[in-house]
Amino acid sequence: MFYDELKKYDWDDTTAAIAAKTSADVEAALRRERLTVDDFMALISPAAVPYIERMAQLSRKYTLERFGKTISMYIPMYVSNACSNACVYCGFNHANPLTRITLSMDQVRAECEAIRRLGPFENLLIVSGEFPALNGVDYLEQVLHVARPYFHNMTIEVMPLKEKDYYRLTKSGLNGVVCFQETYHEANYKNYHPRGMKSIFEWRVNGFDRMGAAGVHKIGMGVLIGLEDWRTDVTMMARHLQYLRRNYWRTRYSVNFPRMCPAEGGYQPKVVMTDKELAQLTFAFRLFDHDVDISYSTRESPSFRANMMRLGVTSMSAGSKTEPGGYVSTPDALEQFEVTDDRTPAEVAAEIRSLGYEPVWKDWDKLYD
Ligand code: SF4
């Protein structure tokens, strides 16, 4: 399990090792086609800033080789904001007195139909808070059954589950699981996640092993940029990805680097990442792992997404609503985070085409059950 692997790496030593990287380390990393985690640390370090153009060129080259001029399109469907956890940075935090909505199956069907009217989406990301009595495995299984006729590729972003539950959901049409570790800083993790199942670091970080063991086809990972030193956190994530590739080599992987927004309750990010730093990180990840899908959500601005789609990003959401029931109406429910790119899917797709790329709505089909 990765929790045991992670214990081999000290947080402060990793931070110091990144800070000590030199231009010679960066140049050595740029000469290699296959990078080690140590090379990755050099590329995300301050020493790599003068090399960002070179990194962009290499990132573009590897991305074109692996993915061509394509951007895979997906859309989130929030089904429940009921949550028993108390993540200090999230508007769905149990302590926030907001209207809690868990969609009925009729409402899920109506959302699916509304999404299909928005665009030819086939990649659906089903998102839910963590309240097992309301939005647990039985509920998720029903949602998958209802959504299955509308979408070829269904991914969930929900509470970490047991291996047998992941397996059960794959039999109901589940293809992928996204889970954000939020931070790999175990001691501070407790401060951000003070109650509920999410407060158990080990359960969350080992969830990826359970997904892999259950045969989930695609695993999405990420850390929440704004909690801790982002360079150290993404280094731990690179180690995690490398570990998962070794152990669950049949699985496909994606990464995402959401930059934190102020949440209901007024939480302010501890660390702010600039656009230039996010670009550097994106290039470094592409150089580290040529095959990983790099995803940007509507948290990012239209102009930044347009630039980055030619330099390493391979999937994007569009038209996103981040409150349950948001596609059918504007419910009296809080958004989980504020969307920066609020263009319609058709507008986003038109821009992708204008840049010489192809928006891909369907890139996966399950042939055998
Ligand atoms: S981040 Fe997820 S688990 Fe935490 S409060 Fe928000 S919805 Fe709940």
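This passage describes the surroundings of the ligand and the packing of helix 4 against two other helices. The structure is a predicted model, in which local features need pLDDT of at least 70 and side-chain atom pairs count only at pLDDT 80 or more, while totals for chains, interfaces and linings use all residues. Residues are numbered from 1 along each chain as its sequence is written.

Around the ligand lie Cys83, Asn85, Cys87, Cys90, Phe92, Asn93, Gly129, Glu130 and Lys198 (C-beta atom, placed from the backbone, within 6 Å of it). This shell holds four nonpolar, three polar and two charged residues (Ala, Val, Leu, Ile, Met, Phe, Trp, Tyr, Cys and Pro count as nonpolar, Asp, Glu, Lys and Arg as charged, and the others, Gly among them, as polar).

Turning to the helices (DSSP runs of H or I, at least four residues, numbered from the N terminus), helix 4 (residues 37-44) packs with helix 14 (residues 275-288) at an angle of about 160°, their axes 9 Å apart. Axes are lines fitted to C-alpha atoms over the stretch in contact, and angles run from 0 to 180 degrees between N-to-C directions. Helix 4 and helix 14 are therefore roughly antiparallel (over 145 degrees). Phe40, Leu43 and Ile44 of helix 4 make the contact with Gln280, Leu281, Ala284, Leu287 and Phe288 of helix 14 (C-beta atoms, placed from the backbone, within 7 Å). Seven of these contact residues are nonpolar, one is polar and none is charged.

Helix 4 also meets helix 13 (residues 230-247), with axes that come within 10 Å and cross at roughly 150°; this pair, too, is therefore roughly antiparallel. Here Val37, Phe40, Met41 and Ile44 in helix 4 face Arg231, Val234, Thr235, Ala238, Arg239 and Gln242 in helix 13, a contact of six nonpolar, two polar and two charged residues.

Methods
Parallel < 35°, antiparallel > 145°, perpendicular 65-115°, else oblique. Contact = placed C-beta atoms within 7 Å.
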